[in-house]
Amino acid sequence: MLARRVIPCLDVDKGRVVKGTRFVNLTDEGDPAELAERYAREGADEIVFLDITAAHEGRATMLDVVRRTAGRAFVPLTVGGGVRSVDEMRDVLRAGADKVSFNTAAVAAPELLTACAGRFGSQAVVCAIDARRLPRTEGAAQTWEVVTHGGRRATDLDAVSWALRAVELGAGELLVTSMDRDGTQSGFDTELLAAIASRVRVPVIASGGASGPADFVAAVCDGKADAVLAASIFHRRMYSIASVKAAMAAAGLPVRPVAEAVA
Amino acid sequence: MIAGSKPRIAILDYGAANLVSITHGLVAVGADVVVAAEPAAMAGADALVVPGVGAAASAMAHLRERGLVEPLRDWVRAGRPCLGICLGFQILFDASDEGAAETLGLLPGRTVGLRDAPTLPHIGWNAVQAARPHPLFDGIADGSYFYFVHSFAPAPADDGIVVSRTNHGRPFVSAAARGSLYGVQFHPEKSSEAGLRLLSNFLRLVDANVQTNVSAPVGARAADPAAEVA
């Protein structure tokens, strides 16, 4: 049975891991390759790098980070942020990444998902969806709107419809972030996750709002997520990957044990 | 290979795989790695790794284009160590249902689509259950998790070559071996400690093979492949 994945996410700015509240008050937290290796050793099932470098010249730096990480962390690596073409994706994969995640670029040019999936396979194409709750109208179901540019820009897209479309276009995985919960440590938006996960066959990665192990369990049990991503609770050493997996295992979820049974 | 030196592994490059991760994985466990995009580059290697992602038919076309099909067959028929990974495992068999391709025919059976799979492709970490003890899995606990990315898997015609199975809807063969020919459906280079241990075990098998075959000339071709007993 497939294990439910636990994925630490590292925000990378100009080749360094930074932390802050969504693009502001950034502080340098170290070398991405070194941190990725540490997380892999501690039981991370996958690593996500989110490149938040504003300047386009940062691309070469990011490729170097990916190259160095691929030689040290022997788990799947996903890179998101700033990839806008098939050629740019090829460069990231050639540097050693396994998947590339598209967010704003996919909303702006949905055919990019199809082109990249056609070239590298759907398994390498992740569509990241940042969603925000819309005011609920009396008697109607809850809906969410897709936002881009790190939440700064609204679109007219319904998040669930966009998720279905992204899968049709070629996305092999969806990384769903609740912008209402992101950075708040108030738990994942399990309603949003379930609304999407119950309607697609591809894996859904829950993101935005983790405060502790119980939230990971809820994201899978209530949100029907296949994987759960978090940043700050791991970076701040509030919880280890092992403690999160222990809680998931205790809830009866299949996880890859951290203490790898290698003699 | 000179005693005490690193085993020299040739990774077959036929344009159908990303070689970065497998190169890193083999180097991490102590191999000397060369990338072989043409038959001549295989000479001097102690063992061969056949990677691969994508579809079987195009993989075979790429191998043919580069003149690698017969050298690869000769290599295996000469009993020299070879590890197939993912698609590189599948094409060791007779044929594949993926694009109705005829494949290398080095192991009996055909590659079929995963049936009753709750999700396709099968992507992620899944448990590998031993069908029999095998040195490739030395020191790796039965049921350890490995990383998979695939929609097809080989169905060997001979149960005797099956090394492990994995369940995704129903069990499929996740590792097989016959003599010095090994194949795994998962990606050891992406499977953390368990994966690195498997690659390290492969190197030890290569080393043992080299020690027992010191008289075999490097790059030797099988005298008569037709005489090979399947």
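Helices here are DSSP runs of H or I with at least four residues, and strands are runs of E with at least two, each numbered from the N terminus. By that count, chain B has five helices and 14 strands. The model is a predicted one.

**Chain B overall**

Chain B has 230 residues, and 49% of them are buried. Consider its contacts between residues at least 6 apart in sequence: 72% of these join residues at least 24 apart.

**Helix α3 of chain B**

Helix α3(B) covers residues 69–77. Its buried residues are Pro71(B), Leu72(B), Trp75(B), Val76(B) and Arg77(B). What do they pack against? The buried residues of α3(B) meet four strands of chain B: β1 (8–12), β3 (47–50), β4 (82–85) and β14 (181–184). Gly79(B) comes just after the helix and takes a positive phi of about 80°.

**Where chain B touches chain A**

The contact involves 30 residues of chain B and 24 residues of chain A. On the chain B side, the elements giving two or more residues are α1 (20–28), β8, β10 (145–150), β12 (162–168) and α5 (192–212). Which of them gives the most? That is α5(B), with six residues. By type, this side of chain B divides into 12 nonpolar, 14 polar and four charged residues.

**Unusual backbone geometry**

Most residues other than glycine have a negative phi, and most peptide bonds are trans. Three sites depart from this pattern, as the table sets out.

| Site | Backbone value | Location |
|---|---|---|
| Leu120(B) to Pro121(B) | cis, omega near -5° | Pro121(B) in the loop between β7 (107–113) and β8 (122–127) of chain B |
| Lys224(A) | phi near 60° | loop between α8 (213–221) and β12 (227–230) of chain A |
| Ala100(B) | phi about 45° | loop between β5 (93–96) and β6 (101–102) of chain B |

Two of these entries are non-glycine residues with positive phi: Lys224(A) and Ala100(B). How exposed is each of them? Ala100(B) counts as exposed because it has 9 C-beta neighbours inside 10 Å, and the cut-off for exposed is 12 or fewer. Lys224(A) has 18 other C-beta atoms within 10 Å, so it is partly exposed. A residue needs 20 or more to be buried.

The cis bond leads into a strand that also appears at the chain contact. Pro121(B) sits in the loop before β8 (122–127). Strand β8 of chain B is among the elements that give two or more residues to the side touching chain A.

Key:
Residues are numbered from 1 along each chain as its sequence is written. Chains are lettered from A and ligands numbered from 1 in the order in which they are written. This is a predicted model: local features need pLDDT of at least 70, side-chain atom pairs count only at pLDDT 80 or more; totals for chains, interfaces and linings use all residues. Two residues are in contact if their C-beta atoms, placed from the backbone, lie within 7 Å. Ala, Val, Leu, Ile, Met, Phe, Trp, Tyr, Cys and Pro count as nonpolar, Asp, Glu, Lys and Arg as charged, and the others, Gly among them, as polar.
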